[in-house]
Amino acid sequence: MSIRVNPDLRNELIQFGIGDWNACYHCGTCTAICPLSEEGFLFPRKKIRLMQMGLQGPLESSVEPWLCYYCGDCTKTCPRDANPGELMMSLRRYLTSTYDWTGLSKKFYTSKIWELAWILFFAALVIISFLVILPSFGYKFTTELTAEGGVKLNSFAPIPIIEAFDWIMAIIVATLLISNILRMYYKIIWKNSTTKVSLWVHIREFWLLIFNFAVQPKFSKCDDKRYWGAHWFLMSGYTIMFIVIVVFLPWFQTEKILPVWDPQRWLGYYATFGLLFGLVIAIFGRLKKKDIKFRFSHVSDWLFLVMLTLTVITGIFIHIFRINGMPMATYVSYITHMAVLVPMILIEVPFSKWSHLAYRPFAVYFTQLKKNAVLK
Amino acid sequence: MEEPRIGVYICWCGTNIAKMVDVEAVSAEVGKLPHVVLAKNYKYMCSDPGQELIVKDIHGHQLNRVVVAACSPRIHELTFRKAVEKAGINPYLFEMANIREQDSWVHTDRTEATSKAIDLVVAAIRRVQFHEPLQKRSVNVDPATLIIGGGISGMVAALEIANAGKKVYLIEKTGRLGGHVIKFDLTFPHLSSARQMIRPILQRVENHPNIDVFLNTEIRDVTGYIGNFKTTIRINETESTELRFGNIIAAVGLKPFDPSKIEEYGYGKFPDVITSMEFEEMLGTGQVLTKYGKEPRNIAIIHCVGSRNKKYHEYCSRTCCMVALKFVHQIRASLPSANIFEIYADMRAYGKGHEEFYALTTHKQIIFLMYDQQERLPVISQADRNDNCNMVIRMNEKLSGESIEVPVDMVILMVNMEAHENVKEVVHAIGVSLCGNQFFIEKHPKLDPVATTTGGVYIVGTCQGPKDIPDSVSQARAAAARILATIATGSVAVEVTTASTNEKLCCGCQTCVKVCPYSAISYNEEKRSSEVNEVLCKGCGTCGSACPAGAITSKHFTDRQILAEIEGIMSMSFKGV
Amino acid sequence: MPSDTSNPKPKIKLAIYWGAACGGCCVSVLDTHEKLLDIVANADLVFWPIAMDIKYKDVEAMPDQSIDLTLFNGAVRNSENKHMAEVLRKKSKIMVAYGACAYMGGIPGLANLYSKDLIFKRAYEESESTMNPDKVRPVVQFEVKEGTLSIPEFFNDVYTLNQIVDIDYFIPGCPPQSERLIEVFTAIVTGIGLPPKGSVVGALEKTNCDGCLRKKTDNKLIKRFYRPWEIQDDKETCFLEQGVICMGPATRGGCGVRCVVGNSPCRGCYGPPPGSPDPGAKMMSAIGTMIDANKPEEIDEIIETIVDPAGLFYRFSLPGSILGRKLL
Amino acid sequence: MSYRPTIVAFLCNWCAYTGADLAGTSRLRYAPNIRIIRVMCSGRIEPTFILKAFQQGADGVLICGCHPGDCHYQEGNYKCLRRFKLIQKYVDQMGIEKDRLQLEWISASEGRQFAELVNNMTKTLLILGPSKIKSSLEVEHLKQ
């Protein structure tokens, strides 16, 4: 069966950040130099070819873009300045949009206005909730301080409501993400008409998913290990923050001023520091454009960084203002924190850049499944 | 024949020869041979005193033959010929023995090298006894030039010669000048207008007082030789004119390959599968439209149609890749949003500005698809009714390894440049040869690419092989310069050591006629003998070897001379054990 | 013919002898028919073994230079041939090598493709009709009680006459054309128009194609060679152009192109044209030129169809060729 | 004196002879038992010359011309090749081993190849031993 060429695909791909997509003349240097490309899962050249030719089907069922961690060696050695690293990055954006069944992802990636509008919409919802809805139920600002002199945060942002909201949001995000992963699974594994993977293999290789989620061993194969370290630092901070906020909110969002050695405080400090460290490296990297992986920035890259940074900074402010007994500053910080965090989680995790937290480990898992596939 | 009186000179070449060859022993040994009047050795025979020594001895000892044993005859044969000529002896009554490059420099045993030198000198002595005086000859050159073909090459060459004040007869088979270039819209890689370029040339040719243009005229037969050709041309089947000229430029050009031979492309079956030439004409109208008058949404350009394929032509036509890229710019100009597919086998961008042009074109949002010329050609078929296109191209895409189908509304076939069908008539008329691909063969592929092995006949432009406009024009100007140089000299020297036939011995078997690569031999029915045109002959001697009746003599390389040389070589130390 | 008896001129003394020959040359003398009478009228036959009964010792007894003309036909195969060649040379003023065998070795000369030993082995041991269990071979001298029996010694090589003794003229042909004999005889008798010693007489300078009436063109490129029986001869096109090797272009004229007239290709009995040191090499060179192929394998394939080049190009001339014999 | 193979070589002027000259200007070394005869084109080389060389006692005959397609006179080397093939068949029939007659293409730039060729052919001839021409004919019967 021959595959029909879609000549219009290129116009679509351009919106995902593909720059000079025809510069590549297929010498294969990129594939040869890539530390992650392996037999059976060769990239970037072949993926660039599919892209150039507009072979939509094979492109959408590719797992390889997720196996690339953008070390930039390919771009550095490309004789045609075709920038294979960024082409792979753009492909990941494109693939994210194809996994998403709502079509929102594509909208977010291809329209800045659309994305900003939704962010502002969610932010507005949060602000209205705190300024109008919650007060109408009796949760009001109070300048009263606790016995220890801290701000009474929980009376303004009641734990049960916030916790319930956290859970609702987590379920929505997880549902979207899982459905997208299922679509990813369908495209990469299920749709393949020639091979099949046994259930046992699915179970046997499942540990890879957890392992890769936790450690990102593939990232460490890229030459510069510092980025892997920074990323792991950030990612661990984020995970800790996520868990304490969603699962242990009553323990974490406390009005008490705990001693510095309390696990609640140093966990928070570790997570904050991890996030900040990773963010500083990424932001400075993208500003300086010295490293190839930071040289090209799509709107979605910046939005993600800016929102996460704002979230972290406002989080720090909440903490500082609260323990120093500055109620208004604390509330403003809290509302801002939530107004950034909510749209970030809702948009970035299921529909945009942040979805890679799921797609990458799953891609490794699916790759392993493909390797163990047998002919039907 | 007068009794040979031979003078033999052994050169030391400083120490180059003397170090490895006992020059005294050699001269002493050969001095004893019959007919050898004197045998001397000297430090540098090629020096002025060395040459004077020969001249003096010729006068003093009434020598009539000279042998010099020194370096390779490829270096100093001419020097010594001139020296003996100066002393009044025919320069061909001289022979050289190569005892440096082929003796002293390659051997390490002095005894062996010395006996080899003796053998080589003895061979030369034996040979020179059978040498015959040969006379240098030259022919006058008629200042007019015949140019066959009124394309850009022919016209440029014509102007070059005519501007120098010399007569040109420009013969064009069709009814108009301009060749293929006049049909083009733009040229690569600068995207300048072809018509604007060629029109002024055309006007100058038509109005030049030194150029006689003959349209609708073909060349049937040319007689004569370098400097003195003659032909009768027929104009409109009624008038005929005799032309005389000294040189010929063949600029007969090419013809585009007929792609209907390639079944896969369905040329002739699908109205929107057109050749590059047809597309050029379409571009001339300013609109790119399908046969139904619609703007095509998807346009495929298939490269190497009839080229680089053993079934059609194995050679590369050199220009099509760039023309195909040029089309991209032209299509983009009128259809900015059309999808353009370049279906190619290899992208060849060898020339000045070509790679840059390719790089520039890759930014024009086109899709490159590579096919394997030898394995399977792309196949064009009618699209299904519910397809959103006119035709579908199915192919194995080489770089992805995928078998794909490409929706298209128009296909442009980049057809190969092939030799003109009536090229054989011209070849026959002017006496040049064709290579396997029916292109004219140049005299030397590297050092003399515009001349042919027939003196006074030059080949320019695409009849020599596929090429672009700058290459054609360079050749045209080069040939013109060569011709002007011979016209300026007024005469050309012709080969002396030619073949000649002995009518008394020739039996008329005609074995020799086709042996000659220069068509210098013809059979004279009246005399019942083959004849060598010594102006055309280049002296290779292969006819002499082919003649079963021993009627052809290769001057200066006669059987007798070579057999004497063999006997000489084997006569002394070299008899073996 | 100087047959006018009213002006008597002393008759010349004529000897005719055969060495290793088939007898055809002697018959060719008789083939002059009524002209033979003219010969007889002008010559006294002093020695002609085929026609007259004269002993060798009678010839040996003749004074030196007493024979005006000797026509010696046949090659030199054994000591008897050699002895008589030497005797006749001494006794004759003019010695003519008459016919292809004397001139170039002829058909007997093909024995030079073998050695004496191989020939004896074949003749006295291996041939189908031989019964020789004791493998007896001829010996030059054999003692019996009556005395010593001797036969001539069989040489290892066959020689042309000129290789053994000096020859004044050569008349080629197998056999020579009788008309040519008359012309030569006349010239010798009258002494008019005799070429320098060592010349070939009784033949033309031009080769046989000149007199051949078949249609010849320059189309002499050949993809495959045929032996005459492998092809339907169209009886009018040049044999070579049909792919049949014909020695005509490399063979002196003078025979009347009789073989080709009889639709058989020329085999070269009249020998090479003037100036050719080897009788077969020129033809080989020409045939090589005609091979219509450039690739070594294709050339080999075409040459496969040329069976037995030595027997083809040197059928009448192996001993007189440059190599002379097979190197064993 | 021990057996010293003798080679008579016929070289075309434009490629092979120039190549042999190059071997000299490059100061390459090769066996001294070769004698070179220059012809303008390998197409001039006749069977007569080859037979003459063998008759005169050459242990080997070497023919060198331009590579196919490079002939200075267009096709002379092909004609040489055809004649060579035929004469090789003849000399083989005449008891001269095929390897005693060799044809090689040598370009003007192949000095090294020429030197190697001469050395290799010398080795071949050493293995074959002396030509039988000197022992084959019974010369005692010939006239003096």
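Two strands are taken to pair if DSSP finds at least two bridges between them. With that criterion in mind, the tour of this predicted model begins at a junction between chains.

Select strand S1 of chain A, residues 3-4, together with strand S22 of chain B, residues 403-408. These strands pair in the parallel sense, over two bridges. To inspect one of the partners, display Ile3(A), whose bridge partner in S22(B) is Ile404(B).

Next, widen the selection to the whole contact between these chains, where 19 residues of chain B meet 18 residues of chain A. On the chain B side, S19 (366-370) and S22 (403-408) each contribute at least two residues. S22(B) gives the largest share, five residues. Colouring this side of chain B by class shows eight nonpolar, seven polar and four charged residues.

Now move to the contact between chains B and D, which involves 40 residues of chain B and 40 residues of chain D. Select four helices of chain B: H4 (100-104), H5 (110-128), H13 (542-546) and H14 (559-569), each of which supplies at least two residues of the side touching chain D. The largest share, seven residues, belongs to H14(B). By class, this side of chain B comprises 15 nonpolar, 13 polar and twelve charged residues.

Finally, colour chain D by pLDDT. The average for chain D is 92, and 99% of the residues score at least 70. Confidence in chain D is highest in strand S4 (residues 101-105), with a mean of 97, and lowest in helix H5 (residues 133-136), with a mean of 82. For the complex, the predictor reports an ipTM of 0.61 and a pTM of 0.66.

Methods: Residues numbered from 1 in each chain as written. Chains lettered and ligands numbered in written order. Predicted model: local features only at pLDDT ≥ 70, side-chain atom pairs only at ≥ 80, totals over all residues. Contact = placed C-beta atoms within 7 Å. Nonpolar A, V, L, I, M, F, W, Y, C, P; charged D, E, K, R; others polar. pLDDT = per-residue confidence, 0-100.
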